[in-house]
Amino acid sequence: MADLPGYVRACLQSGKLAFLAILVSGGIILQILACALYNNWWPMLSVIMYVLLPMPLLFFAGSDSSSLFSESNNSWVNATKFLTGASAVGSIAIPAILKHAGVIGWGALAMELSSFFVFVIAIMCYISMNDEDGYSIL
């Protein structure tokens, strides 16, 4: 891609950014529709986990995101991995628990989980887009 002119590279980056924006807005729309279509706003509890999910990465990992993909003896990086994983599991568990308790229906559960997976795809695309070292998840 180094042999492409600058304006072509800028256009490709703008397209990737637009794709990320569409993914994130699609996830938000699915989240809101899961609540609005069934007139039950309990599924919005998973938004708390979406807010808490990046916090360990911001506080403990800093700008060195490459350490998250490798084995490390650093206890802060291990704590970051654990807290991020616990938040990700909570993002799936909250709608499942609400369905098990009979608070939400199958449609709301399906929309909640699809919203979560759309957000995961957006995060993976963002990580692969901002990778300077050539490491790619996708």
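In this predicted model, helix α1 (residues 6–36) packs against helix α5 (residues 106–129) at an angle of about 160°, and the two axes lie 8 Å apart. Angles over 145 degrees count as roughly antiparallel, so α1 and α5 fall into that class relative to each other. The crossing these two helices make is left-handed.

Stepping back to the whole chain, there are 5 helices and 0 strands. Reading along the sequence gives the pattern α-α-α-α-α. As for how much of the chain is tucked away, buried residues account for 25% of its 138 residues.

The loop between α1 and α2 (46–52) is worth a stop, starting with N39, which sits in that loop. The phi of N39 is near 50°, a positive value in a residue other than glycine. For context, most residues other than glycine have a negative phi. N39 also counts as exposed, because its relative accessible area is 69% and the cut-off for that label is over 50%.

P43 lies in the loop between α1 and α2 as well, but here the picture flips: with a relative accessible area of 3%, P43 is buried. The buried label applies because it covers anything under 20%. What does P43 come up against in space? One partner is P95, which has its place in helix α4. The C-alpha atoms of P95 and P43 are separated by 6.2 Å, although the two prolines are 52 residues apart along the chain. P95 is buried too, at a relative accessible area of 2%. A second pairing involves L98: the C-alpha atoms of P43 and L98 are 7.6 Å from each other, with their positions 55 residues apart in the chain. So P43, a buried loop residue, has C-alpha separations of 6.2 Å to P95 and 7.6 Å to L98.

Helix α4 also holds I97, and this residue tells another story from P95. I97 counts as exposed, with 56% relative accessibility, whereas P95 in that helix is buried at 2%. The C-alpha atom of I97 is separated by 9.8 Å from that of L109, a residue 12 positions away along the chain.

On the outside of the model, a nonpolar surface patch of about 700 Å² is made by L58, F59, F60, W76, F82 and L83. Two elements, α3 (55–61) and α4 (75–100), each give two or more residues to this patch. One of the patch members, F59, is found in helix α3. At 61% relative accessibility, F59 counts as exposed, since that value is over the 50% cut-off. Helix α4 thus turns up in several places: α4 gives two or more residues to the nonpolar patch, holds the exposed I97 and also holds the buried P95.

Technical notes
Residues are numbered from 1 along each chain as its sequence is written. This is a predicted model: local features need pLDDT of at least 70, side-chain atom pairs count only at pLDDT 80 or more; totals for chains, interfaces and linings use all residues. Side-chain values use heavy atoms; hydrogens and water are left out. Patches are made of residues with over 30% relative accessible area and no salt bridge: like charges are joined within 9 Å, nonpolar side chains (Val, Leu, Ile, Met, Phe, Trp, Tyr) within 5 Å. Accessible areas come from the Shrake-Rupley method with a 1.4 Å probe; for residues, only the protein chains shown count as cover. A salt bridge is a side-chain nitrogen of Lys or Arg within 4 Å of a carboxyl oxygen of Asp or Glu. Helices (H or I, at least four residues) and strands (E, at least two) are DSSP runs, numbered from the N terminus. Buried means under 20% relative accessible area, exposed over 50%, partly exposed in between (1.4 Å probe, protein chains only). Axes are lines fitted to C-alpha atoms, for helices over the stretch in contact, and angles run from 0 to 180 degrees between N-to-C directions. Angles under 35 degrees count as roughly parallel, over 145 as roughly antiparallel, 65 to 115 as roughly perpendicular and the rest as oblique. A crossing is left-handed if the near helix is turned anticlockwise from the far one by less than a right angle, and right-handed if clockwise.
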